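Trainee: Could you take me through one strand of this model and the sheet around it? I'd like a close look, with a word on any odd backbone spots afterwards.

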Amino acid sequence: MPSERRNQNINSGSSRLGKPSPDGAPWARPASSNWSGWLFASIFGVGMLLSQSVAVVAQVPASVPDELRTVAEKSLFTATSSSQEVEDFLARCDQLSEHIRCVEYGRTVEGKPMTAAILAKGNFELGQKDQRFRALVIGNIHSGECDGKEALLEIIRNFALQPNSEWLDKLVLVIAPNYNADGNDKMGKTNRPGQVGPDAGMGVRPNAQQFDLNRDFVKLDSDEGRNLVSLMDKFDPHLFIDCHTTNGSRHRYLLTYDVPHNPSVEENIRRVLREQMMPELTRRLGTQGIDTFYYGNFDRSSTRWETYGFEPRYSTEYAGLRGVLGVLSESYSYASYANRIRGSREFVLANLNYCVERGDELTRLVERTREDFIATAKARPE
Ligand SMILES: [Zn+2]
């Protein structure tokens, strides 16, 4: 996402499995048997690692009816959903599952609905606070980076096919897969030079005002930004994930990530993300053959690996400053489209698994951190 530099170095070729794949992505290994095994990895795991789209689609289980296949799946990973197709898909999932409810949380600059899927057991309303961990995930803030959107649609669909999801005993999940819906529909085959697919084209980076929505979390000049922050105010998530695709340096990782690094983010938030959560997720994804590392780009001299800015105009920095566990997800632009979807999906699931496992502890940590922050702010002299 936020790369302003391009391709200063090439540091790819072989994964740590010892055999380079055609697109630099890791080769298949069996999925792990941790929490995620019960749902997704077992359903879609191994096949997605193959870069040939026909082989990948063969792994979409026959039990998924045609009307619940994503545009990416149906097109043999050559296309991505229009905003209307996203809306139709979400409506079908809503209809299928009593645990999924779609809500319009605003309208884009061009008047398109901004739809989020609420995945929860019972009659959950935004603003409701209970024991469950609350996670908000968005895709397509930069619309050409569309594999996150398709991955999130798969996640919603797979929940819809699991009527007794144990996850939802401990988790309330809100997913906004197509945040920049206006940009999504300005499809073109050359919108993302260098990105490997989808061949039929992808959306553009900015919204209809030509604003970069991932630079708008302070000024909130865009309708989309105001609507999303309003959704965050109502839902009050403990975890926020923003799904992107890289457009910079070449490296060996199917996906890179980052966490807030603004020095004003509370130490508790940064510490749990950097010292506990990300190292464990990296280890777990490694057991699935998905190599991950911190997001960045090489500097001009190719001697330093540098991340993006610390300013709260970026989504994950803003989340961190709100006292939220903010996570940036960046699938690798030069990996195949199918692999990127798999990487994005498994990374989001790994985050959710981790937070479900440590739900009580992380909920307490986030809420105590916010209470302390507010108390400190109120105690400051005039
Ligand atoms: Zn991006």
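Mentor: Sure, and one cut-off before we start: a residue counts as buried if 20 or more other C-beta atoms lie within 10 Å of its own, with C-beta atoms placed from the backbone. Keep in mind that this is a predicted model.

Let's zoom in on strand β6, residues 255–258. L255 and Y257 point one way from β6, while T256 and D258 point the other way. All four are buried, whichever way they point.

Now for the neighbours of β6. On strand β7, residues 292–294, the pairing is parallel and comes with three bridges. One to find on screen is L255, whose bridge partner in β7 is T292. To get from β6 to β7, the chain goes through helix α8, residues 267–287, and this β-α-β crossover is right-handed. With strand β10, residues 325–331, β6 runs antiparallel, and four bridges join the two. Look for T256 there: E330 in β10 stands opposite.

Zoom out and you'll see that β6 sits between β10 and β7 in an open sheet of eight strands, ordered β1-β2-β4-β3-β5-β10-β6-β7, with mixed pairing. The edges are β1 (100–107) and β7, each of which pairs on one side only. From one strand to the next, the twist averages 25°. Helix α5, residues 147–160, packs on this sheet and touches β1, β2, β3, β4, β5 and β10. The direction of α5 makes about 130° with that of β5.

Now the odd backbone spots. Most residues other than glycine have a negative phi, and most peptide bonds are trans. F77 goes against that, with a positive phi near 60°. You'll find F77 in the loop between α3 (71–74) and α4 (83–96). Is F77 buried or exposed? F77 counts as buried, because it has 28 C-beta neighbours inside 10 Å.

Q210 also has a positive phi, near 70°, and lies in the loop between α6 and α7. Here the count is 9 C-beta neighbours inside 10 Å, so Q210 counts as exposed.

The loop between α6 (181–184) and α7 (223–235) also holds P198. The peptide bond from G197 to P198 is cis, with omega near 0°.

How values were computed:
Residues are numbered from 1 along each chain as its sequence is written. This is a predicted model: local features need pLDDT of at least 70, side-chain atom pairs count only at pLDDT 80 or more; totals for chains, interfaces and linings use all residues. A residue is buried if 20 or more other C-beta atoms lie within 10 Å of its own, exposed if 12 or fewer, and partly exposed in between; C-beta atoms are placed from the backbone. Two strands pair if DSSP finds at least two bridges between them. A crossover is right-handed if, with the strands pointing away from the viewer, the path from the first strand over the helix to the second runs clockwise. Axes are lines fitted to C-alpha atoms, for helices over the stretch in contact, and angles run from 0 to 180 degrees between N-to-C directions. Two residues are in contact if their C-beta atoms, placed from the backbone, lie within 7 Å.
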